[in-house]
Amino acid sequence: MESTDTIIQGKTGDWELMIGLEVHAQISSKSKLFSGAATAFGAEPNSQVSFVDAAMPGMLPVINAACVREAVRSGLALNCRINRRSVFARKNYFYADLPQGYQISQYEEPVVGEGEITIDMPDGTNRTIGIERLHLEQDAGKSLHDQLPDKSLIDLNRSGVALMEIVSRPDMRSAEEAGAYLTKLRAVLRCIGACDGNMQEGSLRADANVSVRRPGEAPGTRCEIKNLNSVRFLKQAIMWEARRQVALLESGGTVSQETRLFDSARGETRPMRSKEDAHDYRYFPDPDLPPLLLDEAFIESARESLPELPDAKKARFIREFGLRPHDAGLLCADTDVSAYYEETAAQCDPALAANWILSELFGLLNKTERAISESPVGPGALAALIRLISDNVISGKIAKDVFAEMFATGKAPDAIVAEKGLRQITDTGALEAVVSRIISENPDQVAAFRGGKTGLMGWFVGQAMKATGGKANPKALNEILQRALSQES
Ligand code: MN
């Protein structure tokens, strides 16, 4: 397993990691940040491009209020300061997929200022990570290099789509924390509907700034790893990059500030370009756009539109359902999952519902690469299965087989139980007959048990379960076995 410890042990001593993340989140809006063109993913290339997005001369950008509202809602959900006044600036650089020759972004005065996010660590503890800013900017188009043998093509559908760039402080000290931060940020944005969080489609992508230092010393030179599109790749890239820097420094080299790419097939980062400083971009306020001024009513209406956020939901799950903090955190990391849980828990034992969703359901969903929204077993069916366990109709062990069958066929649990004759044997007479046969067939074990080897109890239970096809009610069986074995023959 990949180590994600806070301290990296080098040949010459310990090193500490410093990580900051810049996350680009595509806003779930119907039209682009400064034009009315559509934003749907997967459309025919260049079918969603207005004159503004193609940077035709004389075209003027017009701000999309829906995108501003989502940025403000996101800022509020991340406990950030909302700036009543912000300014759009041109970030100048040349790239084939950027027809304007500049990106409209925000520089000195972003729409959202400082805030913080609470991350949930796997051991159930929390940490607070600072957020420096959230600003609005345009996405670029996409260069396609694999369509023609000797030419590159441009698809401008993405050109001008609204992005929020969310910049953290360099507060993270391990790849694990960076992963927890990205997971939490995604959960919050999905919960409020500002971004669909689809990392495969590029709706959410992270750049990681990574540096190493001797504990307590000044920060080292950082490298930026661009466009990480999964939590797993983010963690892998950070660890590989940190080890590269440690090896370099320990062999007497220096880290040069640069932008690097992560090669997910080889699991390593490689240089892309030397990193520009802000002054290389010649930022200046966009003369086509006036400062963005927000009034209190706009901000208040954004605040009132926020649903219950993941942290509040987690606290409620702990309070209402008695869940362990870590389990509650996992269930609240995704809106679809928390909704599925609440619907299930309303119809059966809430603690059992949490266990079944986190272990059995997640297990089969992962194995079949399905989202919870595509689960063949809905909350009602899972609750019905859990009630069969609580009502002692089937054992927890047999319930796992029934669940696999439900998942594969979509059948109802009681139908499977009836069809396969899986009901537990709770009939005392039937269980007593099984037990007395086992006792008469195994005199040596019985003698050993009565001689003090009480650990043999598990063996007797196993024999009885084998004889009943696993259908003996465990509680009834235990009582009958205890009684039968303690009797002197
Ligand atoms: Mn950016």
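1. Let me start with the metal site. The manganese ion takes its protein donors from His-24 (NE2), Glu-137 (OE) and Glu-165 (OE), which lie 2.0 to 2.2 Å from the ion. Written along the sequence, the spacing of these donor residues is H-x112-E-x27-E. The two glutamates link distant parts of the chain: Glu-137 sits in strand 7 (residues 126-138) and Glu-165 in strand 10 (residues 162-168), 28 residues apart. Please keep in mind as you read that this is a predicted model.

2. Are the two glutamate donors buried or exposed? Glu-137 has a relative accessible area of 2%, so it counts as buried. Glu-165 comes out at 9% and is therefore buried as well. The cut-off behind both calls is a relative accessible area under 20%.

3. On the overall layout, the domain assignment splits the protein into domain 1 (2-302), domain 2 (308-420) and domain 3 (428-486). If you are setting up a view, the centres of domain 1 and domain 3, taken over C-alpha atoms, are separated by 63 Å.

4. Two buried residues are worth a look. Ser-211 belongs to strand 11 (residues 204-213), and its relative accessible area of 5% makes it buried. Leaving aside residues up to four places away in sequence, Ser-211 touches Glu-16, Leu-17, Met-18, Gly-220, Thr-221, Arg-222 and Gln-245. Met-239 is placed in helix 3 (residues 231-250) and is buried too, with a relative accessible area of 1%. From C-alpha to C-alpha, Met-239 and Ile-8 are 9.2 Å apart in space, although their positions lie 231 residues apart in sequence, counted as a separation.

5. Now to helix 8. Does its length point to agreement or disagreement with the expected span? Helix 8 covers residues 350-367, which is 18 residues; at 1.5 Å a residue it should span 26 Å, and its end C-alpha atoms are 25 Å apart, so the two values agree. Helix 8 also has a kink of about 35°, centred on Ile-357.

6. The residue at the kink centre, Ile-357, is one of the buried residues of helix 8, along with Ala-353, Ala-354, Trp-356, Leu-361, Leu-364 and Leu-365. What covers these buried residues? The cover includes helix 6 (325-331), helix 7 (335-345), helix 9 (379-390) and helix 10 (396-409).

7. Both ends of helix 8 have a local feature you may like to inspect. At the start, Asp-349 brings a side-chain oxygen to within 2.8 Å of the backbone nitrogen of Ala-351. Just after the helix, Glu-369 adopts a positive phi of about 50°.

8. That leads to backbone angles elsewhere. Most residues other than glycine have a negative phi. Asn-79 is not a glycine, yet its phi is positive, at about 55°. Asn-79 is found in the loop between helix 1 (65-77) and strand 3 (85-86), and is exposed, with a relative accessible area of 53%. Arg-282, also not a glycine, has a positive phi of about 45°. Arg-282 lies in the loop between strand 14 (268-274) and strand 15 (284-285); its relative accessible area is 57%, so Arg-282 is exposed.

Notes: Residues are numbered from 1 along each chain as its sequence is written. This is a predicted model: local features need pLDDT of at least 70, side-chain atom pairs count only at pLDDT 80 or more; totals for chains, interfaces and linings use all residues. Side-chain values use heavy atoms; hydrogens and water are left out. Helices (H or I, at least four residues) and strands (E, at least two) are DSSP runs, numbered from the N terminus. The expected span of a helix is 1.5 Å times one less than its number of residues. The bend at a residue is the angle between axes fitted to the seven residues ending there and the seven starting there. Buried means under 20% relative accessible area, exposed over 50%, partly exposed in between (1.4 Å probe, protein chains only). Contact means heavy atoms within 4.5 Å. A polar contact is a pair of N or O atoms within 3.5 Å; within protein, one must be able to donate a hydrogen and the other to accept it, and residues adjacent in sequence count only if both atoms are side-chain atoms. Domain bounds come from an automatic or database domain assignment. Donors are N, O and S atoms within 2.8 Å of the metal (3.2 Å for Na, K and Ca); water is not among the atoms, so sites may look incomplete.
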